Amino acid sequence: MSRKPNRTEGQVETTGHVWDGIEELNNPLPRWWVWVFYATIVWGIWYTIAYPAWPLVNGATPGYLGQSTRADVAAEIAAVNERNASLNEALSTADLAALSADTSSELHGYAVSLGASVFRANCSQCHGAGAAGLQSAGYPSLLDDDWLWGGTVEDIAFTVTNGIRNEQSPDTRWVEMPAFGDMLSREEIAALVAHVRAISGQEHDAALVEEGALLFADNCASCHGESGEGTREMGAPTLNDAVWLYGGTPERIEETIRNARFGVMPAWARDYRGASGLDQAQINAVTVYVHQLGGGE
Ligand code: HEC
Ligand code: HEC
């Protein structure tokens with residue numbers, strides 16, 4: 001089968017190439033195509049003048065339109081900061097009780113999400129990412145309604161601001177349980193363990209309970225309460241329930257009575273921690289966040 005050449009003999013020159021009888025014609029390019037081609041060249045030159053293009057030693061030619069993605073990002077960040085500045089301002093002066101009650105407000109939503117990120121960055125290493133605490137180290141769970149020092153927003157804000165048993169804040173919460181290892185005999189401590197196990201509803205040595213109850217009334221009730229209900233002003237944990245700060249096994253209870261414990265939480269206010277501390281808006285945010293985790297009062 002042969003194809004007719006697309007030309008009238010002699011009208012279009014050929015390049016002289018011929019393969020198997022197929023000639024290569026030298027037709028001119030369509031005019032519209034040529035103009036588009038020239039236009040792209042002109043556009044390309046204009047583009048390198050208008051926009052950042054040619055690499056120099058420090059950066060590139062800026063282009064006369066002054067466009068810069070870096071500046072766009074900086075402007076966006078500034079806009080977000082400006083928007084949050086008014087929220088942060090409102091948050092740092094907010095009435096905490098009213099704010100935590102008004103769960104549908106924009107400020108409350110902002111406080112909870114800011115508080116969650118403050119918590120992740122500053123609190124989770126001790127209290128756990130989910131705030132469930134770590135019993136082996138005496139880091140309390142912040143999810144339940146069992147509070148050592150108090151679970152109202154004011155209590156929580158005070159704890160976060162001043163910390164617990166630290167040297168930084170003069171207002172820190174500070175009550176120390178004495179170590180009874182030197183004051184009481186081995187038998188007396190065993191009797192106290194039996195008593196604490198009894199009031200917390202656990203298996204215990206019944207023969208020791210009577211002596212344990214007397215020792216408890218003399219040595220422990222001033223802080224932990226007569227029936228072991230705990231005292232918030234002292235940060236003395238409730239002993240007649242199933243929630244433990246350090247643990248309710250006989251070994252852990254004995255260890256606590258013998259050596260006492262010294263749980264320390266840093267004070268977070270900038271007054272005490274400098275730049276690594278939290279500003280008032282962040283303290284309020286993390287307070288609202290912790291309060292709404294489930295156990296807030
Ligand atoms: C270095 C470890 C550590 C870090 C970090 C830490 N905490 Fe604590 N926190 C503790 C300890 C220990 C206690 C319990 C102290 C005690 O025995 O009374 C505690 C207690 C608390 C309490 C009191 C709970 C109650 O039952 O009354 C609150 C509230 C609290 N922490 C919130 C926070 C928040 C919010 C942050 C982050 C801004 C934070 N903590 C960071 C160690 C820490
Ligand atoms: C001066 C107050 C005070 C006295 C007195 C005191 N405690 Fe405590 N007790 C505390 C405080 C505060 C804590 C929390 C310690 C910490 O977190 O560092 C605590 C913690 C405990 C715990 C750990 C509870 C848990 O959840 O893991 C036990 C058990 C306990 N005390 C038993 C006793 C017994 C028994 C006596 C009496 C022999 C006693 N305490 C006397 C203040 C006191």
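Start by selecting Ala131, which sits in the loop between helix 5 (124–127) and helix 6. The model on your screen is predicted. Ala131 has a positive phi of about 70°, although it is not a glycine. Is this residue buried or exposed? Ala131 is buried, because 21 other C-beta atoms lie within 10 Å, and a count of 20 or more is what buried requires.

**Next stop: helix 6**

Move on to residues 153–162, which form helix 6. Colour its buried residues: Val153, Ile156, Thr159, Val160, Thr161 and Asn162. What covers them? The cover includes helix 3 (96–101) and helix 12. Now step just past the end of helix 6 to Gly163, where phi is positive, at about 70°.

**Helix 4 and helix 12**

Helix 12 covers part of helix 6, and it has another partner to visit. Select residues 280–291 for helix 12 and residues 106–122 for helix 4. The two pack with their axes 7 Å apart, at an angle of about 95°. Helix 4 and helix 12 are therefore roughly perpendicular to each other, since angles of 65 to 115 degrees count that way. To see the contact, show His108, Ala111, Val112, Leu114, Gly115, Ala116, Val118 and Phe119 on helix 4. On helix 12, add Gln282, Asn284, Ala285, Val286, Val288 and Tyr289. How do the residues of this contact divide? There are 10 nonpolar and four polar residues, and no charged ones.

**Along helix 2**

Keep Ala111 in view and add Ala90: the two are 21 residues apart in sequence, and their C-alpha atoms are 10 Å apart in space. Ala90 belongs to helix 2. It counts as partly exposed because it has 17 C-beta neighbours inside 10 Å, which falls between the limits of 12 for exposed and 20 for buried.

Now select the whole of helix 2, residues 69–92. Its 24 residues reach 33 Å from the first C-alpha to the last, close to the 34 Å expected at 1.5 Å a residue. Where does helix 2 bend? Look at Asn84, where the bend is about 25°. Helix 2 is hardly covered, with one buried residue among its 24.

**Helix 7 and helix 8**

Next, pick residues 186–199 for helix 7 and residues 209–219 for helix 8. Their axes lie 7 Å apart and meet at an angle of about 95°, so helix 7 and helix 8 are roughly perpendicular to each other. Helix 7 brings Glu188, Ala191, Leu192, Ala194, His195 and Ala198 to the contact. Helix 8 brings Val209, Glu211, Gly212, Ala213, Leu215 and Phe216. In this contact, eight residues are nonpolar, two are polar and two are charged.

**Two loops to finish**

Go to Gly247, in the loop between helix 9 (221–224) and helix 10 (250–259). Gly247 is partly exposed because 14 other C-beta atoms lie within 10 Å. Which residues touch it, leaving aside neighbours within four places in sequence? Gly247 is in contact with Gln135 and Arg252. Add Ala137 as well: Gly247 and Ala137 are 110 residues apart in sequence, but 9.7 Å apart in space, C-alpha to C-alpha.

End at Asp20, in the loop between strand 1 (14–19) and strand 2 (22–25). Asp20 has a positive phi of about 50°, although it is not a glycine. Asp20 counts as exposed because it has 4 C-beta neighbours inside 10 Å.

Definitions and conventions:
Residues are numbered from 1 along each chain as its sequence is written. Chains are lettered from A and ligands numbered from 1 in the order in which they are written. This is a predicted model: local features need pLDDT of at least 70, side-chain atom pairs count only at pLDDT 80 or more; totals for chains, interfaces and linings use all residues. Axes are lines fitted to C-alpha atoms, for helices over the stretch in contact, and angles run from 0 to 180 degrees between N-to-C directions. Helices (H or I, at least four residues) and strands (E, at least two) are DSSP runs, numbered from the N terminus. Angles under 35 degrees count as roughly parallel, over 145 as roughly antiparallel, 65 to 115 as roughly perpendicular and the rest as oblique. Two residues are in contact if their C-beta atoms, placed from the backbone, lie within 7 Å. Ala, Val, Leu, Ile, Met, Phe, Trp, Tyr, Cys and Pro count as nonpolar, Asp, Glu, Lys and Arg as charged, and the others, Gly among them, as polar. The expected span of a helix is 1.5 Å times one less than its number of residues. The bend at a residue is the angle between axes fitted to the seven residues ending there and the seven starting there.
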